[in-house]
Amino acid sequence: MRDLMDALGGIISRIKGSTVIDEETLRGILRDLQRALIRADVDVKLVYDLTKGIEQEFKEAKELPPGLTAKDYLIYLLYRRLTDLLGGDKEPDVEIKVKPYVMMLVGVEGSGKTTTAGKLALFYIKRGLRVGLIETDTIRPGAFDQLRQLAERVKAMFYGDPSLGDAISIARAGLERMRSGKADLIIVDTAGRHRNEEELLREVKGIYDAVKPNEVMLIVDATNGKQVGAQAEAFSRYIPINSIFVTKLDSTAKGGGALVSAVRTGAKIKFIGNGEDLEDIEVFNPRRFVSRLMGMGDVEALLDRVKAIEEEEEVLEDIESGKFTLLTLMKQLEAMGKLGPLSRILQMLPIGLMPQLKGLSDEQLANAQDRMRRWLSILRSMTREELLNPNIINASRIRRIAKGSGTTPRDVRELLRYYNEMSRMMSSIRKSQRRLGSLFKRLNLNQGQ
Ligand SMILES: Nc1nc2c(ncn2[C@@H]2O[C@H](COP(=O)(O)OP(=O)(O)OP(=O)(O)O)[C@@H](O)[C@H]2O)c(=O)[nH]1
Ligand SMILES: [Mg+2]
């Protein structure tokens, strides 16, 4: 993936180095991006959609979130779109939940199945599992020895018996052996070659029916680029594919295409392999992967900022549209919680401008923090209806809310008083903001950055 990394790194520096992101700069940057992705073997249509999406979203952002420059925003969009392309935010679950758990590895010849079986064994042995490896490949000369040696190295149990002749019998006997050996995880390696594809797939199906695996993992070689999609399709005509392991990401610049087509099959990429050593295995996390691809250690920090700003924005929008409800207050308190300790936030929020909050002692701050926490739990004990329409909160509701949140009716009333004060204040802020807003517009202050 070095080439793609270098290309993306180049694009990031180019963004950072531009004085302004005008139409022409943007177009140049997106063209570089297209070139880098296409060279990485990512499907042309996907590349086009991705860059188009970034362009649109960037142009449509009328006002940037405060504290975020146009450059930050463009980098953020690039990051988010790439992450989406590779499967989104979720980290795959690699936990083994039932025992014994049977995992069957399938894939075309040379994709790295046998090596991967060793890697997976080591990965799970390190997590305290007893692992058994079964070799069913009767075609490839030396397959048994290859996996037996790997098993010895990682201290896994091993079964394989070429004298049994056919793969399905070996699989059955192996499963029996590993079960009585009390393996927690049983990994079944299969052949990647046969007289023809049809025969291979039929054998794979036979083994599948015999061992009834909890998981079928397709092993794909990143150097195969876009073809990975077709491979997945061929196997899935015979057996369900539950997860994907992408190997050899270290030895190709074209890993992008393989990753994308693997993701598009709908099966989750669980692991990636980035070297021939048994240690070269990694849980695939699209976010982390893209951050690294973009060569940005600080992208996570940027993301957190964007997220908190977006939540603040939502709240401000509500306020702007005259909708300051208890729900707004709750969202605001939640967003504040994400931004960090109160002492730091106070300087960032409009509240920080209020004279009575200047020069608070540590103790006062701690009290305020406590109150915030208490209020949040009070708000969370309210129904949606109450949050949206605080007027209906009568004495009996107050008692119920206090009980539900582990506070007192006095606490609830205090919060309601604060809310009333705030909504009065908000409407005056709103008026002055509107005035400021039109002033900014007249002066064109929001342009450029
Ligand atoms: N660079 C690199 N090489 C790998 C990786 N995974 C596997 N290999 C190499 O790929 C080659 C084929 O690996 P095998 O594990 O034998 O592949 P296989 O799918 O079992 O092959 P068949 O059994 O013939 O179908 C070996 O030289 C491995 O060392 C990886 O993540 N990175
Ligand atoms: Mg093999």
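Me: A salt bridge is a side-chain nitrogen of Lys or Arg within 4 Å of a carboxyl oxygen of Asp or Glu. This is a predicted model, so let's test that cut-off on it: how do you know that Lys-113 has no salt bridge?

Reply: Look at the nearest side chain of opposite charge, which is Asp-189 at 5.8 Å. The limit is 4 Å, so that pair doesn't qualify and Lys-113 goes without. Lys-113, a residue of helix α5, is buried all the same.

Me: What makes the pairing of Lys-113 with Val-108 a polar contact?

Reply: A polar atom of the Lys-113 side chain sits 3.0 Å from the backbone oxygen of Val-108. The cut-off for N or O pairs is 3.5 Å, so this one counts.

Me: On to the ligand. Why do Gly-112, Thr-114 and Gly-275 count as polar contacts of ligand 1?

Reply: Same test, an N or O pair within 3.5 Å. From an oxygen atom of ligand 1, a backbone N or O atom of Gly-112 is 2.8 Å away. For Thr-114 the side chain supplies the N or O atom, at 2.7 Å. With Gly-275 it's a backbone atom again, at 3.1 Å. Each value falls within the cut-off, so each pair passes. As for cover, ligand 1 taken alone exposes 660 Å², and the protein buries 85% of that.

Me: Which residues are closest to ligand 1, and what is its shell made of?

Reply: The shell has 19 residues, with Thr-114, Thr-115, Arg-140, Asp-250 and Glu-276 the closest. By class, 11 are polar, eight are charged and none is nonpolar. Helix α5 (residues 113–126) gives the largest share, four residues.

Me: Why is Asp-41 called buried?

Reply: Its relative accessible area is 15%, and buried means under 20%, so the label fits. Asp-41 has a positive phi of about 75° too, although it isn't a glycine, and you'll find it in the loop between α2 and α3.

Me: And Lys-248: buried, partly exposed or exposed?

Reply: Partly exposed. Its relative accessibility is 29%, and that label covers the range between 20% and 50%, so Lys-248 lands there. Phi of Lys-248 is positive as well, near 60°, in the loop between β6 and α10.

Me: One last backbone oddity: what kind of peptide bond joins Lys-99 and Pro-100?

Reply: A cis one, with omega at about -5°. Pro-100 lies in the loop between α4 and β1.

Methods:
Residues numbered from 1 in each chain as written. Chains lettered and ligands numbered in written order. Predicted model: local features only at pLDDT ≥ 70, side-chain atom pairs only at ≥ 80, totals over all residues. Heavy atoms only, no water. Near = heavy atom within 4 Å. Polar contact = N/O pair within 3.5 Å; in protein donor to acceptor, adjacent residues only side chain to side chain. Areas by Shrake-Rupley, 256 points an atom, 1.4 Å probe, with all protein chains shown as cover. Helix = DSSP H or I, 4+ residues; strand = E, 2+ residues; numbered from the N terminus. Nonpolar A, V, L, I, M, F, W, Y, C, P; charged D, E, K, R; others polar. Buried < 20%, exposed > 50% of the residue type's maximum accessible area, 1.4 Å probe, protein only. Lys, Arg positive; Asp, Glu negative; His and termini not counted.
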